[in-house]
Amino acid sequence: MSGNHHDSHHPGPESSAALRTKALEALLVEKGLISTDVIDAVVRAYEQDIGPLNGARVVARAWVDAAYKQRLLADGTAAVAELGFGAPQDAEIVVLENTPTVHNVVVCTLCSCYPWAVLGLPPSWYKDYAYRSRVVREPRTVLREFGLEVPEAVEIRVWDSNSDVRYMVLPERPAGTEQMSEAELTALVTRDAMIGVANVQVPVRVGRG
Amino acid sequence: MPDEPDSRIAHMDEAIALPRKNGELVFEAPWEARAFGIAVVLNEAGVYPWRDFSQGLASETAAADQGGRPTGYYERWLETLTKLAIARGMVTPEELEVRTAEYAAGLHDEHAHHGPHETPGV
């Protein structure tokens with residue numbers, strides 16, 4: 001490959017790079033060396049890289065390990081890093097514990113700051129102006145719209161993320177999960193629960209106490 | 001495994017790190033995502049170790065930084081990928097050139113049937 005630079009860089013529908021990429025892919029597919037499906041899958045996997053699972057592992061660890069939970073609430077960034085998540089140049093991670101009397105919910109009223117190192121991609125509604133503005137003014141109503149009924153007696157705290165601090169909710173461990181392993185618990189924790197718009201549910205087969 | 005991102009790819013050195021915005025990979029055009037995917041798949045298929053790709057990308061980047069080549073991240077990525085694919089005998093420069101020219105001339109256009117895409121016999 002040589003000399004095939006952008007001399008004829010025309011602003012047509014497809015750039016020279018786009019055409020060359022298409023040609024390369026087509027040739028590799030025709031030779032049976034790759035398949036478009038696999039490329040699709042890879043792109044999707046990387047787009048969802050560092051998905052909510054990282055955060056779910058953090059939550060499950062905190063549920064089974066009281067000392068870890070203490071460290072997590074004291075210094076979220078460090079405790080998350082203990083499990084190998086987060087990047088050094090990231091914003092500080094602050095973890096908020098839900099209790100029987102306090103329910104936390106996270107928003108970024110200015111834009112869409114989000115603890116992506118633990119939660120992956122923000123859901124589209126998180127970036128919507130409707131969510132960003134309303135959850136601050138009427139959190140109980142907004143949560144109800146998410147299907148989460150927070151009892152009147154429970155205080156709702158709304159946390160506004162910014163470029164320096166990213167919040168993540170530590171949901172309550174549901175009753176009936178006492179026998180579950182850390183891996184099983186990890187599977188229960190959803191992205192929405194770590195944003196605070198849902199609680200962690202126990203699958204029916206486990207049964208409730 | 002396609003569903004298990006490789007951290008050597010996802011978190012490369014700062015000079016050649018994948019463009020991200022708020023943590024998400026940023027592809028400014030569909031071809032960038034394709035070029036990304038092809039490079040990763042060829043690595044997973046064992047065509048080259050990722051180190052070879054990242055070193056290639058680093059030298060493309062250094063060359064671009066020297067001036068004269070105002071290319072974007074994925075232009076350098078594609079250059080790296082193309083060179084490696086040729087070096088490993090996956091494609092020849094000639095066939096790539098020919099096919100690119102054909103696409104540029106619109107010879108393969110209008111493949112967009114409504115039904116399922118024709119798959120060449122394997």
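Me: By this rule for side chains of opposite charge, how many salt bridges does the count come to over all chains?

Reply: The count comes to 17 salt bridges over all chains. A salt bridge here is a side-chain nitrogen of Lys or Arg within 4 Å of a carboxyl oxygen of Asp or Glu. Before we go on, please keep in mind that this is a predicted model, where local features need pLDDT of at least 70, side-chain atom pairs count only at pLDDT 80 or more, and totals for chains, interfaces and linings use all residues. Residues are numbered from 1 along each chain as its sequence is written, chains are lettered from A and ligands numbered from 1 in the order in which they are written, and side-chain values use heavy atoms, with hydrogens and water left out.

Me: Thanks! How many helices and strands does chain B have, and how are they arranged?

Reply: Helices (H or I, at least four residues) and strands (E, at least two) are DSSP runs, numbered from the N terminus. Chain B has 5 helices and 2 strands. Along the sequence they follow the pattern α-β-β-α-α-α-α.

Me: How much of chain B is buried?

Reply: Buried means under 20% relative accessible area, exposed over 50%, and partly exposed in between (1.4 Å probe, protein chains only). Of the 122 residues of chain B, 41% count as buried. The accessible surface of chain B is about 6,900 Å², with 53% of it belonging to carbon and sulfur atoms. Such areas come from the Shrake-Rupley method with a 1.4 Å probe; for residues, only the protein chains shown count as cover.

Me: Which salt bridge should I look at in chain B?

Reply: Try B:Lys83 and B:Glu60, whose side chains meet at 2.5 Å, N to O. This pair links distant parts of the chain: B:Lys83 sits in helix 4 and B:Glu60 in helix 3 (residues 50-65), 23 residues apart. B:Lys83 is partly exposed at 39% relative accessibility, whereas B:Glu60 is buried at 6%.

Me: And which salt bridges can I find in chain A?

Reply: Two to look for are A:Glu155 with A:Arg157, at 3.0 Å from N to O, and A:Arg191 with A:Asp192, at 3.2 Å. In the pair at 3.0 Å, A:Glu155 is partly exposed at 39%, and A:Arg157 is partly exposed at 35%. For the other pair, A:Arg191 has a relative accessible area of 29% and A:Asp192 one of 22%, so both count as partly exposed.

Me: What about a charged residue with no salt bridge, such as B:Glu75?

Reply: Lys and Arg count as positive and Asp and Glu as negative, while His and the chain ends are not counted. B:Glu75 lies in helix 4 (residues 73-87) of chain B. B:Glu75 is buried yet has no salt bridge, and the nearest side chain of opposite charge, A:Arg20, is 6.5 Å away. The side chain of B:Glu75 does reach the backbone nitrogen of B:Gly72, at 3.1 Å.

Me: How do I read the place where chain A and chain B touch?

Reply: Contact means heavy atoms within 4.5 Å. By that test, 41 residues from chain A and 43 residues from chain B take part. Buried area is the accessible area (1.4 Å probe) that two parts lose on being put together, summed over both. Here it is about 3,900 Å², and carbon and sulfur atoms give 68% of it. There are 5 salt bridges between the two chains. One of them joins B:Arg34 to A:Glu25, with the closest N and O atoms 2.8 Å apart. On the side of chain A that touches chain B, the elements giving two or more residues are helix 1 (16-30) and helix 2 (36-47). Helix 1 of chain A gives the largest share of that side, 13 residues.

Me: Is A:Leu148 buried or exposed, and which residues does it contact?

Reply: A:Leu148 is buried, with a relative accessible area of 7%. This residue is found in the loop between helix 9 and strand 3 of chain A. Leaving aside neighbours within four places in sequence, A:Leu148 is in contact with residues including A:His103, A:Leu143 and A:Asn199. A:Leu148 and A:Asn199 are 51 residues apart along the chain, and their C-alpha atoms are separated by 7.3 Å.

Notes: A polar contact is a pair of N or O atoms within 3.5 Å; within protein, one must be able to donate a hydrogen and the other to accept it, and residues adjacent in sequence count only if both atoms are side-chain atoms.
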